[in-house]
Amino acid sequence: MKAVFIAYNQAYNEEIIDILDSFEQRGFTRWDEVSGRGSYFGEPHYGSHAWPIMNHAILTMVPDNVAPALLEALHEKDTQFEDLGLRAFSWTVDSAI
């Protein structure tokens, strides 16, 4: 099993859920109003007067064979609108309850 963490511009909210649905991935935890800034490009997302945009974040657990395709679909979404910002990471889950 893989844990996939997705941090994204709040404007993507419905689209990220649609991507998860397309992989029949029902379960996830979402955090709204997550602040941050990208590693290389893009404006900070601080929710402040100067930088009003915010991020959301999702953590979901997927089967090992689903993770690469899910990450690729998220990467495709990111390349369509790079200025919005979208990052995703996966790691192995050793056990869960």
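## Helix α2 and the strands around it

Start with helix α2: its 14 residues (67-80) should span 20 Å at 1.5 Å a residue, and the end C-alpha atoms are indeed 20 Å apart, so expectation and model agree. Keep in mind that this is a predicted model. Below is a quick tour of that helix, two of its buried residues, the strand pairing, one aromatic pair and a buried asparagine.

**Helix α2 and its buried side**

- The buried residues of α2 are A67, L70, L74, K77 and D78.
- These five cover an arc of only 100 degrees around the axis, which means they sit on the same side of α2.
- What do the buried residues of α2 pack against? Their partners are β1 (2-9), α1 (13-22), β3 (55-62) and β4 (86-92).

**L74, with no accessible area**

- L74 is part of helix α2, and its relative accessible area is 0%, so it counts as buried.
- Once you set aside neighbours within four places in sequence, L74 is in contact with I6, I16, I19, L86 and A88.
- L74 and L20 make a long jump in numbering: they are 54 residues apart in sequence, while their C-alpha atoms are 9.5 Å apart in space.

**K77, a buried lysine**

- K77 also belongs to helix α2.
- Is K77 buried or exposed? It's buried: the relative accessible area is 14%, and the cut-off for buried is under 20%.
- The K77 side chain has a polar contact with the side chain of E15, at 2.7 Å.
- Leaving out neighbours within four places in sequence, K77 is in contact with Y12, E15, I19 and L86.
- I19 and L86 turn up in the contact lists of both K77 and L74.

**Strand pairing around β1**

- β1 and β3 run antiparallel and are joined by eight bridges.
- β1 also pairs with β4, again in the antiparallel sense, over seven bridges.
- I6 is a handy marker here, with I58 as its bridge partner in β3 and A88 standing opposite it in β4.
- Both I6 and A88 are also among the contacts of L74, which lies in helix α2.

**The aromatic pair**

- How many aromatic pairs does the structure hold? Just one.
- That pair is F5 with W31, and its geometry is tilted: 6.5 Å centre to centre, with 50 degrees between the planes.
- F5 is in strand β1 and W31 in strand β2 (residues 29-34), so the pair ties together parts that are 26 residues apart in sequence.
- Neither ring residue is buried: F5 is partly exposed, with a relative accessible area of 25%, and W31 is partly exposed as well, at 40%.

**N55, a buried asparagine**

- N55 is found in strand β3.
- With a relative accessible area of 12%, N55 is buried.
- Which residues does N55 touch, not counting residues up to four places away in sequence? The list is Y8, N9, Q10, D32, E33, V34, S35, G36 and H45.

Key: Residues numbered from 1 in each chain as written. Predicted model: local features only at pLDDT ≥ 70, side-chain atom pairs only at ≥ 80, totals over all residues. Heavy atoms only, no water. Helix = DSSP H or I, 4+ residues; strand = E, 2+ residues; numbered from the N terminus. Expected span 1.5 Å × (residues − 1). Buried < 20%, exposed > 50% of the residue type's maximum accessible area, 1.4 Å probe, protein only. Arc of directions from axis to C-beta. Contact = heavy atoms within 4.5 Å. Polar contact = N/O pair within 3.5 Å; in protein donor to acceptor, adjacent residues only side chain to side chain. Pairing = 2+ DSSP bridges. Phe/Tyr/Trp six-rings, centres within 6.5 Å; stacked < 30°, edge-to-face > 60°.
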